[in-house]
Structures are given as C-alpha cells and as structure tokens.
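Hi,

Here is the structure I promised to pass on to you. Have a look at it first, and then read my notes below with the model open beside you.

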Amino acid sequence: MKFNFRLASRIIGMLLIIMAAAMTLPIAISIYYGDGSQFGLLLSAICILVSGLFLRNFIGAKPSNVLTERDGALFTALIWIVIPLFGALPYIFTSSVKSFTDAAFESFSGFTTTGSSVLNGLDNMPQGLLVWRSMSQWVGGMGLILFVIALLRRLNEGSAHLYESEFSGTLQRRLHPRMSLSVIRMWTIYIGMTTLLFTILMICGNSLVDSLSIAMSTVSTGGFMTHDAGLASMSANSMWVVTLFMVFSGINLAVLFKFFTGRWRMLRGEEELWRYLLLYIISAIVVALFFFIGERQVTGQAIRFSLFHVASTISSCGFYTEAPSVWPRVVSVVSFFLIFIGASSGSTGGGLKVKRIMILTRHVRNYFTQMVHPHAVTCVKVDGKVVEEDYISKVSAFIFIYLTFVAFGAFVLTLCGIDIPNALCTAAANMGNLGPSPVLNNIGANLDYATLKPVAKYAMISLMLAGRLEVFALIAAFTPAFWRRRR
C-alpha cells in the first residue's frame with residue numbers, strides 16, 4: 001500500500017494554520033468583552049499554529065500533487081478526524097470542560113454541524129469561546145475539503161476525487177466546469193448568506209456576539225446557541241428572519257446559485273426543491289393545527305412556532321426556543337420523521353436527504369408496478385433524467401447503512417442506561433446532524449449530553465462523523481480492502 005502521506009500532512013498543516021489565523025476573531029472579541037478567555041484562546045492558537053507549520057513545512061515538505069481516488073477518501077476521513085481534535089484545544093485551555101472527552105465531543109459536534117453540547121450555563125460562558133463554537137460550525141458547514149480544493153488548484157484531477165469524497169453519498173452538481181471556481185462560487189454564496197443574516201440580526205437589535213454566532217450557526221445548519229433558553233430572548237422579527245434562513249440553508253447550493261443569480265425560470269425543473277418546500281409547508285400546517293387543538297393558543301403564535309420548529313428540524317439546524325406547555329404526540333412523531341428525511345442533497349443540512357427519499361420511493365413504486373405488470377419497462381427519473389441503476393443501488397445501500405448506524409448508536413445508549421425512546425431519538429438526531437434532543441419533546445425530551453458516559457459520547461461522535469461524511473468515506477477509511485486498492 002502506498003499512501004501520499006506528505007501531501008496529507010501538508011494539507012492538514014495548511015488547514016491548521018488557517019484555523020489558528022481564524023482564532024484571532026474570538027481572541028479579539030474576548031479581549032473586547034474582557035471575559036478572561038483570551039489567554040486560553042491565544043495558547044490554543046499558538047499550539048495549532050506551531051503544529052500546522054511543522055506538518056506543512058517539515059513532514060509535508062515537497063509532496064507529490066498526485067492524488068488517487070483512494071487517497072481522496074482517506075484524506076477526507078483523516079482531515080475530518082484530525083482537525084476537530086485540534087479544535088478541542090480552546091475548550092481545554094479555557095477550562096470550559098472537565099475532560100478531553102467533553103472537549104472532543106463539543107469540537108466534533110461543532111465541525112460536523114451537529115449542535116449537541118455538553119456545556120452548561122451558556123449565559124455565563126466567555127463571549128470569545130461562544131464565537132469560536134459557532135465558527136467551527138461555520139467552517140464545517142461548507143466542508144473542510146472544499147476549503148482545500150479552493151486553495152490547492154494544483155491538485156487537478158485530485159480535486160475531483162476530494163470533491164466526490166466530500167459528497168460521497170450524493171451527486172452534487174458543479175457550478176463551473178473548473179473545480180476550483182465551482183467551489184469558490186459555493187463559498188461566495190455561503191459567505192454572502194452569512195453576511196446578510198448577520199447584518200439583518202444586528203439591525204433587529206441583537207448584540208454583536210449573538211448576531212455573529214447565530215448567523216454562522218444558521219447558515220451552516222449547526223445549531224449552537226449563545227443562551228441556555230435557546231433563541232427565546234430574540235425578538236419576533238429576528239425569529240422570522242432566522243426561520244427563513246434555516247429554510248434557505250436546507251436547499252441545494254446549486255439551486256441557491258440559480259436563485260441568487262436571477263435564473264428563476266430554471267428552478268421550475270428542480271423537483272427536489274419543490275418536494276422539500278412542500279414537505280416543509282405540509283409539516284408546518286400539521287404541527288400548527290395540533291398545537292392549536294392541544295393548547296387553544298392564539299393562531300398566530302401557533303403558526304410562528306410551528307414554522308420555526310419545522311424549519312429547525314427539517315434543515316437539521318436544531319435551534320429551539322420556549323415550547324408551548326402542551327406538546328401533542330403527533331408533533332413529536334412528525335419531528336421524528338423529519339429528522340430522518342432531512343434537507344436537500346448538496347446543502348449544509350443532514351439526514352437521508354429529500355432526493356434519496358424520492359429515488360427510493362420511485363424505485364419501490366416501479367417494483368410494485370412490475371409485480372402487477374411483469375413485462376413493463378420502468379425507470380427512475382428525477383428532474384426529467386433517468387437515474388442509473390448503480391446510483392439507485394448506492395442510495396439503497398446508503399439508507400440501509402444509515403439506519404444501521406442509528407440502531408447501533410441507540411443500542412450503545414441503552415447499554416449506558418438511557419431509555420429506549422430517548423436512545424433512539426438521540427441516535428437519530430446525532431446521525432442526522434440535528435443535535436439537541438429537546439426539539440423532540442415527548443419522545444426524546446430532556447437528555448443532558450454532559451451526563452452521558454464516555455463510551456456513549458464517543459458513540460455519538462462516531463454518528464456525527466458518519467452523518468457528516470455520509471457514511472461511505474468513513475467506512476472506506478476503516479476497510480482494509482480499500483487500503484489495498486491501487487487507485
């Protein structure tokens with residue numbers, strides 16, 4: 001087996017150097033507010049910078065820029081494991097957590113945009129650390145690999161392998177024939193949406209830290225919050241804006257590119273977009289109806305909370321606010337299924353993705369058609385194009401493995417003393433990169449991640465990674481036969 005270790009070291013080193021540079025913002029905010037975390041953040045930045053320089057300039061000196069398909073999958077898994085481990089340093093050096101396990105859990109939850117947290121007392125947390133948490137989600141939302149592709153244009157064919165590894169479970173469309181320019185356009189949309197949301201939240205009267213953190217957590221569909229009560233302290237106008245951006249963040253970036261560039265006529269043929277919006281609207285109506293029946297609250301309040309809650313769930317953002325006193329069981333059931341369905345393919349959201357569900361349901365429909373009409377010739381079409389059988393098989397395998405991971409996570413949690421409903425909901429939420437279980441209320445109500453045993457926390461970390469990497473890249477990294485491949 002031959003692995004391009006020098007190139008891997010160089011890429012990881014570059015990412016660590018960029019991470020250290022990015023920490024100047026949390027450090028500056030910490031100094032401005034005088035929250036006392038600036039020294040811990042500075043020490044973290046120095047350790048990360050030194051490690052990055054060592055990997056880039058010594059171990060990764062003069063690497064070969066040839067990157068095979070096998071290398072691409074291994075790079076992806078390696079980067080997504082190493083970077084969050086270094087990202088745990090700020091939590092350790094600021095004494096915000098009690099153990100390395102908790103620091104790793106918080107960091108992996110951030111970079112994978114899951115949003116599960118072991119931190120208690122967010123209202124008293126250093127402002128600089130809160131910004132760092134949201135920054136980790138913002139970087140992880142677009143993807144560490146896409147950042148590498150935008151920087152290293154010399155990889156040529158290797159960029160395609162990295163791109164395919166990052167979107168291993170979907171067929172993400174390029175926004176430009178040249179890989180690097182396609183990724184740059186994706187980053188442009190991402191940064192533009194974040195800047196716009198941050199500006200609007202500031203205009204709505206939110207603080208600098210709240211506006212910045214919530215903007216990064218929303219666009220990345222991460223869900224880290226700055227207050228224990230979630231977004232309850234935000235104004236009604238801010239809630240409407242966040243709800244809208246959560247819905248947008250669950251849409252394929254290629255579709256968003258058409259929308260923001262004025263190519264609205266081309267959106268008519270985007271089946272996944274309309275299925276996603278239809279699912280959102282129907283779910284919000286059902287939730288609002290049962291909230292109104294269950295609590296007899298003002299219709300406007302039921303609608304506002306329902307739109308917010310469904311957007312938070314289907315986009316896998318995981319934001320929560322004060323819930324109504326009566327939470328009908330139907331609402332929890334709808335939320336549970338939305339966690340599995342998730343957002344659109346090619347978005348920053350998690351879950352199985354709407355497109356895969358479309359393909360699977362149409363494949364099953366064709367199967368029953370052939371049972372009735374054995375000689376019928378059928379095919380699966382999406383957006384008017386025939387989906388290849390190989391990709392249908394890949395979708396079926398993905399869904400099976402995805403559900404297997406959820407079952408495994410739930411099994412581990414039950415062994416650790418968690419009741420079955422909470423275990424199942426928590427495993428599904430972390431695999432779907434949703435995070436906070438309070439959004440499930442009656443089914444999986446008040447599980448405190450800080451009280452989980454270490455083995456349960458590492459199991460949840462595994463689910464976060466598997467969900468973020470969409471299973472295949474992570475499995476490939478731990479499959480000996482894949483390591484023995486020549487390409």
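Let's start with helix α13, residues 253-260. Six of its eight residues are buried, so this helix is largely enclosed by the rest of the structure. The buried ones are L253, A254, V255, L256, F257 and K258. Do look at how the helix begins: N252 caps the N-terminal end of α13, with a side-chain oxygen 2.7 Å from the backbone nitrogen of A254. At the other side, just after α13, you'll find G262 with a positive phi of about 80 degrees.

Before going on, keep in mind that this is a predicted model, so everything here is computed from its coordinates.

**The whole chain**

The chain has 487 residues, and 58% of them count as buried. It contains 22 helices and two strands. Among the contacts with a separation of 6 or more, 73% are between residues 24 or more positions apart. The accessible surface comes to about 20400 Å², and carbon and sulfur atoms hold 66% of that.

**Two unusual phi angles**

Most residues other than glycine have a negative phi. With that in mind, which residue other than glycine has a phi near 60 degrees? That's D383, and the value is positive. D383 sits in the loop between β1 (381-382) and β2 (385-386). Its relative accessible area is 28%, so D383 is partly exposed.

N433 is another one to look up: this residue is not a glycine either, yet its phi is positive, at about 55 degrees. You'll find N433 in the loop between α19 (420-431) and α20 (454-468). Is N433 buried or exposed? N433 is buried, because its relative accessible area is 2% and the cut-off for buried is under 20%.

**A helix pair at the start of the chain**

Two packed helices are described by the angle between their axes and the distance between the axes. Try this on helix α1 (residues 5-22) and helix α2 (residues 24-33), whose axes come within 4 Å and cross at roughly 20 degrees. Angles under 35 degrees count as roughly parallel, and α1 and α2 are therefore roughly parallel to each other. Where do they meet? On the α1 side there are A20, A21 and A22, and on the α2 side T24, L25 and P26. By class, that contact has five nonpolar residues, one polar residue and no charged ones.

**Three buried residues with polar contacts**

First up is T348, in the loop between α16 (329-341) and α17 (354-372). T348 counts as buried because its relative accessibility is 7%. What does the side chain of T348 reach at 3.2 Å? The answer is the backbone oxygen of V219. A polar atom of the T348 side chain also lies 3.4 Å from the backbone oxygen of S249. Leaving out residues up to four places away in sequence, T348 touches T113, G141, M142, Y190, V219, S220, T221 and S249.

Next, go to R362 in helix α17. This arginine is buried, with a relative accessible area of 12%. The side chains of R362 and E271 are joined by a polar contact of 2.6 Å. Beyond residues up to four places away in sequence, R362 touches E271, R275, V380, K381 and V382. You can also check the spacing between R362 and C379: they are 17 residues apart along the chain, and their C-alpha atoms are separated by 8.6 Å.

Finally, S44 lies in helix α3 (residues 38-59). With a relative accessibility of 0%, S44 counts as buried. Its side chain reaches the backbone oxygen of G40 at 2.8 Å. Apart from residues up to four places away in sequence, S44 touches M23, L89, P90 and F93.

That's it from me. Happy browsing!

Methods
Residues are numbered from 1 along each chain as its sequence is written. This is a predicted model: local features need pLDDT of at least 70, side-chain atom pairs count only at pLDDT 80 or more; totals for chains, interfaces and linings use all residues. Side-chain values use heavy atoms; hydrogens and water are left out. Buried means under 20% relative accessible area, exposed over 50%, partly exposed in between (1.4 Å probe, protein chains only). A polar contact is a pair of N or O atoms within 3.5 Å; within protein, one must be able to donate a hydrogen and the other to accept it, and residues adjacent in sequence count only if both atoms are side-chain atoms. Contact means heavy atoms within 4.5 Å. Accessible areas come from the Shrake-Rupley method with a 1.4 Å probe; for residues, only the protein chains shown count as cover. Axes are lines fitted to C-alpha atoms, for helices over the stretch in contact, and angles run from 0 to 180 degrees between N-to-C directions. Angles under 35 degrees count as roughly parallel, over 145 as roughly antiparallel, 65 to 115 as roughly perpendicular and the rest as oblique. Ala, Val, Leu, Ile, Met, Phe, Trp, Tyr, Cys and Pro count as nonpolar, Asp, Glu, Lys and Arg as charged, and the others, Gly among them, as polar.
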